Amino acid sequence: MEHPCIVFRDMSDPATFEKREDTVILPGSFDPPTVGHLEVIRRAAEIFPAVYVTVFQNPDKHCMFTPEERAMMLASATDEYENVLPTYSLGFVAAYAREHKVRRLVKGYRGEDDIDYEISQAEWNYRMGGLITELWLAPEALRSVSSTEARRRLISGEPTDGILTPEVLGVIRHLREKKGKI
């Protein structure tokens, strides 16, 4: 597959992680942030000088957590990285990128089920803002991890081991105590 606005990378390939000078945005709904999201964030933090991890609203998704709550989870889970800036935006990715003078996005994907959606998003962001999107194929061990499964387990009371980190679970527990949420 060749797309002028997309760079495909495999997270198992060491060449994917050569140091670079540009700032990037890692956009997503992060509802909630999973170990898969956090692996992409960790690796991006190792190679880019600044990484905006930004929660965006997806009108096609019914979210369990508010954008503020998801940004709080991301902040807790990425606290060790000085160059990671967790935040949220109610606007479009292209407008946010323009505002922060960023020209490149990084997104993880799990396989063929994700790719059509990610390509359409990358093409849209290129048309709207000239953004280049790097799509990083998740390592095999993380390809079954999803926020959908995390939410299902949270609702049913099943363990979320291997899907959510202790930091994210700590924020969720705090929200439950504070608001009686989920």
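Buried means under 20% relative accessible area. By that cut-off E39 is buried, because its relative accessible area is 15%. The legends below apply this term to a predicted model.

**View 1. Overall fold of the predicted model.** The protein has six helices and six strands. Along the sequence they run β-β-α-β-α-β-α-β-α-β-α-α. The radius of gyration is 16 Å, close to the 16 Å that the globule rule gives for 182 residues, so the protein is as compact as a globular protein of that length. Its C-alpha atoms fill a box of roughly 45 × 35 × 30 Å along the principal axes. Of the 182 residues, 52% count as buried. Among contacts with a separation of 6 or more, 78% come from residues 24 or more positions apart. The exposed surface is about 9,600 Å², and carbon and sulfur atoms supply 50% of it.

**View 2. Salt bridges along helix α1.** R42 pairs with E39, with the closest N and O atoms 2.6 Å apart. The two residues sit three apart in α1, so about one helical turn separates them. R42 also forms a salt bridge with E46, at 2.5 Å between the closest N and O atoms. E46 and R42 are four residues apart in α1, again about one turn. An α-helix has 3.6 residues a turn, so residues three or four places apart point the same way. Exposure varies along this set. E39 is buried at 15%. R42 is partly exposed at 26%. E46 is partly exposed at 38%.

**View 3. S146 and the start of α5.** S146 lies in the loop between β6 (132-137) and α5 (147-156). Its relative accessibility is 15%, so S146 counts as buried. Leaving aside residues up to four places away in sequence, S146 touches T34, R110 and I163.

**View 4. Buried residues of α5.** S147, E149, A150, R151 and L154 are buried in this helix. Their cover includes α1 (35-47) and α6 (166-179). G157 follows α5 and has a positive phi, near 85 degrees.

**View 5. The R143–E140 pair and a salt-bridge network.** The side chains of R143 and E140 meet in a salt bridge, 2.9 Å from N to O. R143 is partly exposed, with a relative accessible area of 27%. E140 is exposed, at 60%. Elsewhere, salt bridges that share partners join R9, R20, D22, R104 and E134 into one network. The whole structure holds 15 salt bridges. The mean positions of the 23 positive and 29 negative charges are 4 Å apart.

Terms used
Residues numbered from 1 in each chain as written. Predicted model: local features only at pLDDT ≥ 70, side-chain atom pairs only at ≥ 80, totals over all residues. Heavy atoms only, no water. Rg over C-alpha atoms; globule rule 2.2 N^0.38 Å. Buried < 20%, exposed > 50% of the residue type's maximum accessible area, 1.4 Å probe, protein only. Contact = heavy atoms within 4.5 Å. Areas by Shrake-Rupley, 256 points an atom, 1.4 Å probe, with all protein chains shown as cover. Lys, Arg positive; Asp, Glu negative; His and termini not counted. Charge placed at Lys NZ, Arg CZ, Asp CG, Glu CD. Salt bridge = Lys/Arg side-chain N within 4 Å of Asp/Glu carboxyl O.
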